[in-house]
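Reader: Hi! I'm new to reading protein models. Could you walk me through this one?

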Amino acid sequence: MAIDHDLAPPLSPPTETGSGRSSEPFSGRLTSILRHDVPSSIVVFLVALPLSLGIAVASGAPVAAGLIAAVIGGIVAGLLGGSVMQVSGPAAGLTVVVAETISQFGWKTTGFIVCAAGVLQILLGLSRVARAALAVAPVVVHAMLAGIGITIALQQVHVLLGGSSHSSAWKNITELPGQLMSLHGGGTLIGVVVIAIMVGWKYMPAKVRTVPGPLVAVLAGTVLSLVWQTGAERIVLNGSLFDAIGLPQLPSGNWSAVVVTIITVALIASVESLLSAVAVDKMHSGKRANFDRELIGQGSANVLSGLLGGLPVTGVIVRSATNVQAGARSRASAVLHGIWVLVFSVLLASVVEQIPKAALAGLLIVIGTQLVKLAHVRLARRTGDLLVYALTVLSVVFLNLLEGVLIGLGVAFGLLLWRVVKVSITAAQIPASQRWLVSIDGSATFLALPKLSTELAKVPADADVTVEMTVDFLDHAVFEAIEEWARQQANNGGSVDFVEIGGARMANATEGPPARSFARSVWDDILGPWRRDETHVNPVAAGVAAYHRRHAHVVRPHLDVLRDKQDPDSFFLTCSDSRVVPNVITNSGPGDLFTVRNVGNLVPVEGDASVEAALVFALEQLNVRSVVVCGHSSCGAMAALHTGTEVPGVDAWLAHARPSLERFRLGHPVAVAAQAAGFGEVDQLGMVNVAVQLEMLHRHPAVRKAVAERGVRVSGLFFDIATARVIEVTVDGLAHIDDAGRRDAPELV
């Protein structure tokens, strides 16, 4: 039987309630932290340490700024953030922006910008607009990250070769040949070793890979630089981590540029954190992220990081994924990872100073290239967004991050607008007919007028025309153009019939401003029962008129194939109840079902020639491939049979159902299964009745012959009106039918 995934146990049991407090006793929480979160925090710390140093170097900030951001991101964002498993710290996504900010305003003013961006993030979180940040097209985010990755790689290649990175990507490219001619051999070798370890680490045995690859790569590069004295330039820490703490400085001018930078940092940090939180939610089945709280936590961390001289903080997918994979169960892991970074930075600062810059350059080159994911490129190509992806990447690399993202969003919006307003309009003569067919499918706006006029001009002036409109939006310009064309056709001796399949109607075009009609309203119109009101005295006639106007044209081609002969798939016996619509519950069309209806969906053994004649005709003349009996819930016939209520004119007929009542009272297995599923006694009897009719059909000579010779299937269904679901009934049990059309084992529990 299929598993109900909503009831399946979570992969990572949640340890926190909606209030943020654990529902476990303190001893249980402490045990979980010691067993799961402490080991996970150590693994995350080992990954975060080299990344934080490398990002600080790539940003042109003091090395200690990366460590400060890692400490604050782990502790503050870990405690206050809305994602239990997310780990925050300095991220590669803001490297380019921070480098440009430091170059333009200086490091002290950059601290003020980071602090102000944090305040803006807190305000965004308090205003509960966090989910709006997720409205950025994923292709733009993927391209933004790819552009950042390419920019970082271009910068760090120069550092790897023993030089310094340049201010623009174009200059980094044009100066690369000259840098290759004057490379520093020792530093380059160290960087190449780091790159080789990072790339090849995934091929190592699983037990070896428990140690983070970035840590191994940087350690190997550092040891190599100490053993082989190459003179490679090393990391410089000016004093301890506490010595690096310093208050920010207010900008001296150019406030408009400062404000733009604050907004840029806040938006990029917010979007990156929220997207990371979404990705982390997909990795575990614990408590889902609270996006507004996540922004407040990230903003608080950035306020403190900016005040103390740290880099901007965001949620980092690399650290967060490591946290989940290492088995973390609560936010304690993220907090502890920040504590380990603090302890290491204070007590072992001299170790950090032994790391060569070329080792971090190699690390950053790999990280940068990994931000360019081929899967994202292939996805953009499949979804038709490759142009958006390419333009965004090029703009980020050769202009700047903010302009690149804005250009990407603009192109994505333009492409979206083109797709949304795109409309298909064709005009052609119907084969073997003098009549013409004009099809209008999509959103009919004034932008479609040139194409509309071109197609309508193909129609002869005196032709009889059917206009098929599958339109979800119709503005007054298109309505007016069609109306004028239809009037001219009539004046020239032709005629125009409208078939309106979509939700937007010609009759409503002048009643108010145009509005999009959603598909649900169309289905409600087709499948919903008649709305009894005083408008239509004769609902049958009104229904026929609506069918002619809206649906007959769609059905006509299917019926045209069946005009001389029917070829139904199934003989379908069901109750006369008006709530059971066979073609709706089986998603079938004209010619699929040879339907017979009677009170109680019965197969009389004798005394009724109607069902007998229809069954034999369907099997022997129409060669149907299956025989189906379908009952339903809240059946009046079954209720009368169960209670013994006398129904004049029906009692004699219900005598054919007496065997079903007797089998029900004897504890038929179908009744037992139905009771276990929560159905009442009348519905249990209805299901048993279907099973008994199946037994009768299996004994019928014509059915037995068809089963033996042609493999005809005999099956039972039960339509539960309350849930609009259909259950399969067998001779000895029940089975669910899943959304792929497969059935479970023949019992329902």
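Author: Happy to; we'll go through some strands, the cores, a surface patch and a few salt bridges.

Author: This is a predicted model, where local features need pLDDT of at least 70 and side-chain atom pairs count only at pLDDT 80 or more, while totals for chains, interfaces and linings use all residues. Residues are numbered from 1 along each chain as its sequence is written, and side-chain values use heavy atoms, with hydrogens and water left out.

Reader: Cool. Is strand β10 mostly covered or mostly open?

Author: Mostly covered: six of the eight residues in β10 (713–720) are buried. Buried means under 20% relative accessible area, exposed means over 50%, and partly exposed is in between (1.4 Å probe, protein chains only). Strands (E, at least two residues) and helices (H or I, at least four) are DSSP runs, numbered from the N terminus.

Reader: Which strand pairs with β10 in the parallel sense?

Author: That's β9 (residues 626–632), over seven bridges; two strands pair if DSSP finds at least two bridges between them. In this pairing, Val628 stands opposite Ser715. On top of that, β10 runs antiparallel to β11 (residues 725–729), joined by five bridges. β10 and β11 form a hairpin with four residues between them, and Ala724 in the turn has a positive phi of about 60 degrees.

Reader: New topic: what's in the largest nonpolar core?

Author: It has 78 residues, and those touching the most other members include Leu53, Ile113 and Tyr389. Helix α2 (residues 63–80) gives the most to this core, with eleven residues. Another core, of 49 residues, lies apart from it. A nonpolar core is a set of buried Ala, Val, Leu, Ile, Met, Phe, Trp, Tyr and Cys residues joined through side-chain atoms within 4.5 Å.

Reader: And how many salt bridges are there?

Author: A search of the whole structure finds nine. Each is a side-chain nitrogen of Lys or Arg within 4 Å of a carboxyl oxygen of Asp or Glu.

Reader: Why would such side chains pair up?

Author: Side chains of opposite charge can pair when their charged atoms come close.

Reader: Got an example that links distant parts of the chain?

Author: Sure: Arg625 bridges to Asp569, with the closest N and O atoms 3.2 Å apart. The two are 56 residues apart, each in a loop. Asp567 is linked with both in a network of salt bridges.

Reader: Is Arg625 buried or partly exposed?

Author: Arg625 counts as partly exposed because its relative accessibility is 35%.
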